[in-house]
Amino acid sequence: QYTPRKEDKFTFGLWTVANQGRDPFGDVVRPVLNPVRSVQKLSELGAWGVNFHDNDLVPFDATPAERDRIVSDFKKALNDYGMVVPMATTNLFFHPAFKDGAFTAVDPSVRAFALQKTMRAIDLGVELGAQTYVFWGGREGVDSEASKDPVEALKRMRDAINFLCEYAIDNGYNLRFALEPKPNEPRSDTYFATIGHMLAFIYTLDHPEMVGVNPEVAHEHMSGLNFVHGVAQAIEAGKLFHIDLNDQKGPRFDQDLRFGSENIKSMFFLVRLLENSGYDGPRHFDAHAYRTEDDQGVWDFAAGCMRTYNILREKARRFDADPEVQQLLATINAGNADHISWLSEVRKGYSKELANKLKEATFDATALGQRGYQYEKLDQMAVEHIFGIR
Ligand code: GCO
Ligand code: MN
Ligand code: MN
Ligand code: MN
């Protein structure tokens, strides 16, 4: 029952399973993984699709002929193994040319090159079926605050996203953009640090309806934030276009741990939120296997991400179906009938009459201050569902 199936819509970045374990202190520990093999293995494990950066598939210096051969082999693999490409993105961080950023780099040639590279990568993604295009501004930030005017940097980012939206429209592409926030790493500080920063920025764009967010568990945890709340705000705004699932041990470097391997309780509430919200986009994993792992460990990692998601989904379902939980939630949310009806009027909107009614009302603040909320009991029930003993 926890075995992943295509309808679960699990996807992995080609870069995730192909991660070779290089870190700032040590070299690669695993051989290069061919994208065709990733497609095959992930499909066998029950994934629905794969996503990629342009250069995960086509090397930076490939000739047009090489590109065409790689793309056609890859298309054949997608077809052979019944896999889709729902999302694509651009690598604007690996090549030394992007060491000062891409769309916000101070060098105008770098900014122009970044637009060119992204347009070509969009063409590639769309050719392979992508309907979501992710922008993670890997190096869009600073090490020294002296290096850039932060206000100008935001304007440059806006120019780029506006231009690329028009590019997608002009070409008749059925594509939405998902912006991925991260507070730092590899730069000391990255612009658009959190989901909230990104949401505010989106509404300043020429085509806000085309642009949403791609939040990542690890990235919000790096800022010490509540990921569930950030995702909820994106959902409520109709802006959750994609999601990067992984895990993270608190505010430190981005660890990209196997989904649900650390913050089990928050991931339980995250899965519950996603499942109950009607989010029907990909459940995408942006994580990688521990550096200690060999090839088998990589597939153990991938299977574990999906299996844990399905386990948490089942636990969330049981929690919501538990009569004692339902009873307790009903009790907690009950209250004065007049006040309930006033508040439903508040939801509908302001009226002078309602304002006067509220101003004249009397409230028993002492009684309100004395009530207990039974959250200890409720939380314990959640914990016991997670433990699997309810
Ligand atoms: C990171 C990011 C990336 C992006 C990827 C897709 O911290 O490295 O999370 O993995 O998600 O570039 O845009
Ligand atoms: Mn990340
Ligand atoms: Mn990460
Ligand atoms: Mn990510």
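Start by selecting His53: it counts as buried because it has 23 C-beta neighbours inside 10 Å. (Buried takes 20 or more other C-beta atoms within 10 Å of a residue's own, exposed is 12 or fewer, partly exposed is in between, and C-beta atoms are placed from the backbone.) Before you click on, note that this is a predicted model, where local features need pLDDT of at least 70, side-chain atom pairs count only at pLDDT 80 or more, and totals for chains, interfaces and linings use all residues. Residues are numbered from 1 along each chain as its sequence is written, while chains are lettered from A and ligands numbered from 1 in the order in which they are written.

**Stop 1: His53 and Asp56**

Stay on His53, which sits in strand β2, residues 49-53. (Strands here are DSSP E runs of at least two residues, helices are H or I runs of at least four, and both are numbered from the N terminus.) Show its contacts and you'll find Trp15, Thr89, Thr90 and Asn91, leaving out residues up to four places away in sequence. (Contact means C-beta atoms, placed from the backbone, within 7 Å.)

Now pick Asp56, in helix α3, residues 54-57. Asp56 has 19 C-beta neighbours inside 10 Å, so it counts as partly exposed. With residues up to four places away in sequence set aside, Asp56 touches Leu14, Trp15, Ala18 and Pro35. An unreviewed UniProt entry annotates His53 and Asp56 as "active site"; such annotations may be inferred rather than shown by experiment, feature names are shortened, and positions follow the numbering used here.

**Stop 2: ligand 1**

Which residues surround ligand 1? Select His53, Thr89, Val134, Trp136, Glu180, Lys182, Glu216, Asp244, Asp254 and Asp286. (The cut-off is a C-beta atom, placed from the backbone, within 6 Å of the molecule.) Colour that shell by class and you get 2 nonpolar, 2 polar and 6 charged residues. (Ala, Val, Leu, Ile, Met, Phe, Trp, Tyr, Cys and Pro count as nonpolar, Asp, Glu, Lys and Arg as charged, and the others, Gly among them, as polar.)

**Stop 3: Glu216 and His219**

Keep Glu216 from that shell and add His219: the unreviewed UniProt entry gives both as "binding site". Glu216 is in the loop between β8 (211-213) and α8 (217-222). Is Glu216 buried or exposed? It counts as buried, because 26 C-beta neighbours lie inside 10 Å. Beyond four places in sequence, Glu216 is in contact with Glu180, Asp244, Asn246 and Asp286.

His219 belongs to helix α8, and is buried, with 28 other C-beta atoms within 10 Å. Its contacts, again leaving aside neighbours within four places in sequence, are Pro181, Lys182, Pro183 and Asp254.

**Stop 4: the annotated domain and the core**

Highlight residues 40-294, which UniProt (unreviewed entry) lists as "domain: Xylose isomerase-like TIM barrel". The end C-alpha atoms of that span lie 18 Å apart, and it is 42% helix and 12% strand.

In soluble globular proteins, nonpolar side chains tend to be buried together. Here the largest nonpolar core has 82 residues, and Leu179, Val213 and Cys305 have the most contacts inside it. Helix α11, residues 295-321, gives the most to this core, with 8 residues. (A nonpolar core is a set of buried Ala, Val, Leu, Ile, Met, Phe, Trp, Tyr and Cys residues joined through C-beta atoms within 7 Å.) Click Val213 to see contacts that include Leu179, Ile195, Met198 and Phe241, not counting neighbours within four places in sequence.

**Stop 5: Arg307**

Still in helix α11, go to Arg307. Arg307 counts as partly exposed because it has 17 C-beta neighbours inside 10 Å. Measure across to Thr3: the C-alpha atoms are separated by 6.2 Å, although the two residues are 304 residues apart along the chain.

**Stop 6: backbone oddities**

Zoom in on Glu185 and Pro186, joined by a cis peptide bond with omega of about 10°. Pro186 lies in the loop between β6 (176-180) and β7 (189-190).

Next comes Phe192, not a glycine, yet with a positive phi of about 60°. Phe192 is in the loop between β7 and α7 (195-202), and counts as buried with 26 C-beta neighbours inside 10 Å.

Finish at Gln374, also not a glycine and with a positive phi of about 60°. Gln374 lies in the loop between α15 (365-370) and α16 (375-387), and its 12 C-beta neighbours inside 10 Å make it count as exposed.

Notes
Two residues are in contact if their C-beta atoms, placed from the backbone, lie within 7 Å.
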